[in-house]
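Here are my notes for anyone opening this structure for the first time. Have the viewer ready and follow the points in order.

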Amino acid sequence: MAGHSQFKNIMHRKGAQDAKRAKQFAKVLREITVATRSGLPDPASNPRLRAAISMAREVNMPKDNVERAIKKASGAAGGDDYVEVRYEGYGPAGVALIVEGLTDNRNRTAGEVRAAFSKHGGSLGETNSVSFMFQRLGAISYPLDVASEDEMLEAAIEAGADNAETTEEGHEVTCAMENFFAVRDALESRFGEPQSAKLDWRPENSVTLDEDKARSVMKLIDVLEDSDDIQAVYANFDIPDDVAEALAA
């Protein structure tokens, strides 16, 4: 899909991401905390908590860590109290960015995000200033060996999904945000636990970046993602393969 290929062609960042394992764990633990408090501490009856536990598996978080986080969040003391925040703006080269976070201090997080945009050639906008350029949807991924392309398409249609796409990297089923949990559960009952299942922002159109602009945009995204308060950053750019190779050199 348009704008999504940047996640495939920036694998040069994988080493840096692996080094941030502890930070990944912290972000997942925040989501588990908020998910637990949004409903019951039982994943079977709390769809958001099931999604958070799936995120924990993606980053290879030990089961004990997950269980302790659920127990702490559902206890009387409860621990830290996080609220969901979203920021929107433009980065270098006019790239649109959506920044989602969980914070216990809105003023601190807003200040950090604003400073990151200003320092790295961007400008923070108002809520909904760029989100109209994206689709909010559910995305569920499976490895190729769980089903044939036709089987996955048939299952996706029966589950109420909007699209199923099969590439050499695997199957991806997308659906409306409000159908996400129902589609995920239907696919899981047929094919087992998905490789990834999350709500995503997908750009309608993408900005193609040269090497200099790509470096500037990636620097801003790295700074934003490095914040403990930021859970995810979405952007509408595309990096050609030759540029990705130059960045990886």
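1. How do the axes of helix α2 and helix α3 cross, and within what distance do they come? Keep in mind that this is a predicted model. The axes of α2 (residues 21-38) and α3 (residues 47-58) come within 8 Å, and the crossing angle is roughly 165°. Angles over 145 degrees count as roughly antiparallel, and α2 and α3 therefore fall into that class. Their crossing is left-handed.

2. Which residues make that contact? On the α2 side you'll find Val-28, Glu-31, Ile-32, Val-34, Ala-35, Thr-36 and Ser-38. From α3 come Arg-48, Leu-49, Ala-52, Met-55 and Ala-56. Sorted by class, the contact of α2 with α3 has eight nonpolar residues, along with two polar and two charged ones.

3. Now scroll along to helix α6 (residues 149-159), where Met-152, Ala-155, Ala-156 and Ala-159 are buried. Why do they sit on the same side of α6? They cover an arc of only 100° around the axis, so they share one side of the helix. It helps to remember that an α-helix has 3.6 residues a turn, so residues three or four places apart point the same way.

4. What does the buried side of α6 pack against, and what is on the face turned away? The buried residues pack against three strands, β4 (134-142), β5 (163-167) and β6 (170-176), and also against helix α7 (180-191). The face turned away from the buried side carries Asp-150, Ile-157 and Glu-158, which are exposed. Just after α6 comes Gly-160, with a positive phi of about 95°.

5. The pairing of α6 with α7 deserves its own look. Their axes are 9 Å apart and the helices pack at an angle of about 140°, so the two are oblique to each other. The crossing of α6 and α7 is right-handed. Glu-151, Met-152, Glu-154, Ala-155, Ala-156, Glu-158 and Ala-159 of α6 take part in the contact, and α7 brings Val-183, Ala-186, Leu-187, Arg-190 and Phe-191. By class, the residues of this contact divide into eight nonpolar, no polar and four charged.

6. Two asparagines are worth a click for their backbone angles. Most residues other than glycine have a negative phi. Asn-60, which is not a glycine, has a positive phi of about 60°. You'll find Asn-60 in the loop between α3 and α4 (63-74), and it is exposed, with a relative accessible area of 56%. Asn-128 isn't a glycine either, and its phi is positive at about 75°. Asn-128 belongs to the loop between β3 and β4 and is partly exposed, at a relative accessible area of 48%.

7. Last stop: is His-120 buried or exposed? His-120 lies in the loop between α5 (106-119) and β3 (123-124). Its relative accessibility is 16%, and buried means under 20%, so His-120 counts as buried. Leaving aside neighbours within four places in sequence, His-120 is in contact with Pro-92, Lys-219, Leu-220 and Val-223.

Definitions and conventions:
Residues are numbered from 1 along each chain as its sequence is written. This is a predicted model: local features need pLDDT of at least 70, side-chain atom pairs count only at pLDDT 80 or more; totals for chains, interfaces and linings use all residues. Side-chain values use heavy atoms; hydrogens and water are left out. Axes are lines fitted to C-alpha atoms, for helices over the stretch in contact, and angles run from 0 to 180 degrees between N-to-C directions. Helices (H or I, at least four residues) and strands (E, at least two) are DSSP runs, numbered from the N terminus. Angles under 35 degrees count as roughly parallel, over 145 as roughly antiparallel, 65 to 115 as roughly perpendicular and the rest as oblique. A crossing is left-handed if the near helix is turned anticlockwise from the far one by less than a right angle, and right-handed if clockwise. Contact means heavy atoms within 4.5 Å. Ala, Val, Leu, Ile, Met, Phe, Trp, Tyr, Cys and Pro count as nonpolar, Asp, Glu, Lys and Arg as charged, and the others, Gly among them, as polar. Buried means under 20% relative accessible area, exposed over 50%, partly exposed in between (1.4 Å probe, protein chains only). The arc is that of the directions from the helix axis to the C-beta atoms.
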